[in-house]
Amino acid sequence: GYAVECALKACVAKQIKRYEFPDRKLVNRSYTHDLEELLDVSGLKVQHKQEVQDNPAFAVNWATVKDWSEEARYTTLVTEEKARDFFAAVTARRYGVLRWLKKLW
């Protein structure tokens, strides 16, 4: 989850030019762990929507990842199967969420 969060924040940071004073609203909105909010802040909503439409496997992977919360690390309710599914959704070589983000930054 943190890998996806950091990748989205890298996409946000890419919007800010060197020596530029960033927009305060953009900065404040990026101080979140909410992946859907970060997707919006990153400016990738249109590309994301297109990818979801074009690639059902990516859509399934995003659906698996999007509701991640930093609080998940404190719970013991996550099964091994769910953790493996989440990891696979993030790291899948063809339609993984992290691979898609890496293409865009």
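Author: An axis here is a line fitted to C-alpha atoms, for a helix over the stretch in contact, and angles run from 0 to 180 degrees between N-to-C directions. The model is predicted. On that footing, helix α4 (residues 45–54) packs against α5 at about 120 degrees, with the axes 5 Å apart.

Reader: Why is α4 called oblique to α5?

Author: Check the angle against the cut-offs. Roughly perpendicular covers 65 to 115 degrees, and roughly antiparallel starts over 145. The angle of about 120 degrees falls in neither range, so α4 is oblique to α5.

Reader: Which residues make that contact?

Author: From α4 come His48, Glu51, Val52 and Asp54. From α5 come Pro56, Phe58, Ala59 and Trp62. By class, five are nonpolar, one is polar and two are charged.

Reader: What makes α1 roughly parallel to α7?

Author: Their packing angle is about 15 degrees, with the axes 10 Å apart. Angles under 35 degrees count as roughly parallel, so α1 and α7 get that label. The crossing of α1 past α7 is left-handed.

Reader: What residues form the contact of α1 with α7?

Author: α1 supplies Ala3, Val4, Ala7, Leu8, Cys11 and Lys14. α7 supplies Val97, Leu98, Leu101 and Leu104. Nine of these residues are nonpolar, none is polar and one is charged. Lys counts as charged, so Lys14 is the charged one.

Reader: How do you know that Leu98 is buried?

Author: Its relative accessible area is 17%. Buried means under 20%, so Leu98 qualifies. Leu98 lies in helix α7. Setting aside residues up to four places away in sequence, Leu98 touches Ala3, Ala7 and Val90. Leu98 and Val4 are 94 residues apart in sequence, yet 6.1 Å apart in space, C-alpha to C-alpha.

Reader: How many aromatic pairs are there?

Author: Two. Tyr2 and Trp68 form one of them, with ring centres 4.9 Å apart and planes at 75 degrees. Tyr2 is in helix α1 (residues 2–14), and Trp68 is in the loop between α5 (56–65) and α6 (80–91). The two are 66 residues apart, so this pair links distant parts of the chain.

Reader: Why is the pair of Tyr2 and Trp68 called edge-to-face?

Author: The centres must lie within 6.5 Å, and planes over 60 degrees apart count as edge-to-face. The values of 4.9 Å and 75 degrees meet both conditions, so the label holds.

Reader: Are Tyr2 and Trp68 buried, partly exposed or exposed?

Author: Tyr2 has 33% relative accessibility. Partly exposed lies between under 20% and over 50%, so Tyr2 is partly exposed. Trp68 is at 14%, which means it is buried.

Reader: What makes the pair of Phe58 and Trp100 tilted?

Author: Their centres are 5.2 Å apart, and their planes meet at 50 degrees. Stacked needs under 30 degrees and edge-to-face needs over 60. The value of 50 degrees fits neither, so the pair is tilted. Phe58 sits in helix α5 and Trp100 in helix α7 (residues 97–104), 42 residues apart. Both Phe58 and Trp100 are buried.

Reader: Why does Trp62 count as buried?

Author: Its relative accessible area is 5%. The cut-off is under 20%, so Trp62 is buried. Trp62 lies in helix α5. Apart from neighbours within four places in sequence, Trp62 contacts Leu35, Glu36, Leu39, His48 and Val97. Lys25 is 37 residues away from Trp62 in sequence and 26 Å away in space, C-alpha to C-alpha.

Notes: Residues numbered from 1 in each chain as written. Predicted model: local features only at pLDDT ≥ 70, side-chain atom pairs only at ≥ 80, totals over all residues. Heavy atoms only, no water. Phe/Tyr/Trp six-rings, centres within 6.5 Å; stacked < 30°, edge-to-face > 60°. Helix = DSSP H or I, 4+ residues; strand = E, 2+ residues; numbered from the N terminus. Buried < 20%, exposed > 50% of the residue type's maximum accessible area, 1.4 Å probe, protein only. Left-handed = near helix turned anticlockwise from the far one by under 90°. Contact = heavy atoms within 4.5 Å.
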